[in-house]
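Subject: Handover of a structure model

Dear colleague,

Please find below the structure that I am handing over to you. My findings follow directly after it.

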Amino acid sequence: QVQLAESGGGLVQPGESHRLSCTASGMFFSVYAMGWYRQSLGEQRELVAWIGVDGTTNYADSVNGRFTISRNSNRTTAYLQMDNLKPEDTAVYYCKAEVIILPSKRDLWGQGTQVTVSS
């Protein structure tokens with residue numbers, strides 16, 4: 001069984017920085033790509049940041065320049081560095097990974113971690 005475990009959620013003041021982590025564990029061949037989505041109350045889940053197998057990154061316009069996605073060398077852990085946080089960044093943040101479980105590729109989701117930006 002393959003699982004994604006997120007960590008790092010919490011209460012943060014506006015303007016502060018915070019980092020989320022997501023680690024894939026279990027029996028799989030490799031992690032192809034990973035990213036972060038978020039869902040605010042009453043809103044649809046939206047892509048925040050994504051890092052592809054080749055290291056290419058994509059960001060939502062709302063976080064571009066403030067958030068940075070990175071990963072470890074074996075692509076099993078992704079990080080989301082969030083700087084200059086704003087109240088509108090408050091949401092449940094979900095990790096998603098495209099995982100190679102031979103012979104196919106599967107999309108996996110983490111359980112979500114709450115980030116609240118408030119003074």
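Of the 119 residues of the chain, 41% count as buried. Please bear in mind throughout that this is a predicted model.

Overall form

The secondary structure consists of 11 strands and 0 helices, so that the pattern along the sequence reads β-β-β-β-β-β-β-β-β-β-β. The C-alpha trace spans about 45 × 25 × 20 Å along its principal axes. A compact globule of 119 residues would have a radius of gyration near 14 Å, and the chain agrees with this because its own value is 14 Å. Among contacts with a separation of 6 or more, 55% are made by residues 24 or more positions apart. The accessible surface of the chain amounts to about 6400 Å², and carbon and sulfur atoms account for 46% of that area.

The nonpolar core

The largest nonpolar core contains 29 residues, and Trp36, Leu80 and Tyr93 have the most contacts inside it. Two or more residues are given to this core by each of the strands S3 (18-25), S4 (30-39), S5 (46-51), S7 (67-71), S8 (77-82), S9 (91-101) and S11 (113-117). Strand S9 supplies the largest share, with 6 residues.

The disulfide

The count of disulfides comes to 1. This disulfide is formed by Cys22 and Cys95, whose sulfur atoms are 2.0 Å apart. The pair links distant parts of the chain, with Cys22 in strand S3 and Cys95 in strand S9, 73 residues apart. The angle about the S-S bond is -80 degrees, and the link of Cys22 and Cys95 is left-handed. Both Cys22 and Cys95 are buried.

Arg38 and its surroundings

Is Arg38, a charged residue by name, buried or exposed in this model? Arg38 counts as buried because its relative accessibility is 5%, and the limit for buried is under 20%. The residue Arg38 has its place in strand S4. Two polar contacts of its side chain may be of interest to you. One joins the side chains of Arg38 and Asp89 at 2.9 Å, and another joins those of Arg38 and Ser62 at 3.3 Å. When neighbours within four places in sequence are left aside, Arg38 is in contact with Gln44, Arg45, Glu46, Val48, Ser62, Val63, Phe67, Glu88, Asp89, Ala91, Val92 and Tyr93. Tyr93, which appears among these contacts of Arg38, is also one of the residues with the most contacts inside the largest nonpolar core.

Asn58

Asn58 lies in strand S6 (residues 57-59). Its relative accessibility is 43%, and Asn58 therefore counts as partly exposed. Leaving aside neighbours within four places in sequence, Asn58 is in contact with Val48, Ala49 and Trp50. Val48 is likewise listed among the contacts of Arg38. From Asn58 to Ser70 the C-alpha to C-alpha distance is 11 Å, with their positions 12 residues apart in sequence.

Backbone details

Which backbone features deserve a separate note? As general background, most residues other than glycine have a negative phi, and most peptide bonds are trans. Three places in this chain should be read against that background.

- Leu102 and Pro103 are joined by a cis peptide bond, with omega at about 10 degrees. Pro103 lies in the loop between S9 and strand S10 (104-109).
- Arg75, although not a glycine, has a positive phi of about 65 degrees. The loop between S7 and S8 holds Arg75, and this residue counts as partly exposed because its relative accessible area is 25%.
- Asn84 is not a glycine either, yet has a positive phi of about 50 degrees. Asn84 is found in the loop between S8 and S9, and its relative accessibility of 41% is why it counts as partly exposed.

Summary

To recapitulate, the predicted model has 11 strands and 0 helices. Its largest nonpolar core has 29 residues, and Cys22 and Cys95 form a disulfide. The buried Arg38 has side-chain polar contacts with Ser62 and with Asp89. The backbone details to keep in view are the cis peptide bond between Leu102 and Pro103 and the positive phi values of Arg75 and Asn84.

With kind regards

Terms used: Residues are numbered from 1 along each chain as its sequence is written. This is a predicted model: local features need pLDDT of at least 70, side-chain atom pairs count only at pLDDT 80 or more; totals for chains, interfaces and linings use all residues. Side-chain values use heavy atoms; hydrogens and water are left out. A nonpolar core is a set of buried Ala, Val, Leu, Ile, Met, Phe, Trp, Tyr and Cys residues joined through side-chain atoms within 4.5 Å. Buried means under 20% relative accessible area, exposed over 50%, partly exposed in between (1.4 Å probe, protein chains only). Helices (H or I, at least four residues) and strands (E, at least two) are DSSP runs, numbered from the N terminus. A disulfide is a pair of cysteine sulfur atoms within 2.5 Å. The radius of gyration is taken over C-alpha atoms; the globule rule is 2.2 Å times the number of residues to the power 0.38. Contact means heavy atoms within 4.5 Å. Accessible areas come from the Shrake-Rupley method with a 1.4 Å probe; for residues, only the protein chains shown count as cover. A polar contact is a pair of N or O atoms within 3.5 Å; within protein, one must be able to donate a hydrogen and the other to accept it, and residues adjacent in sequence count only if both atoms are side-chain atoms.
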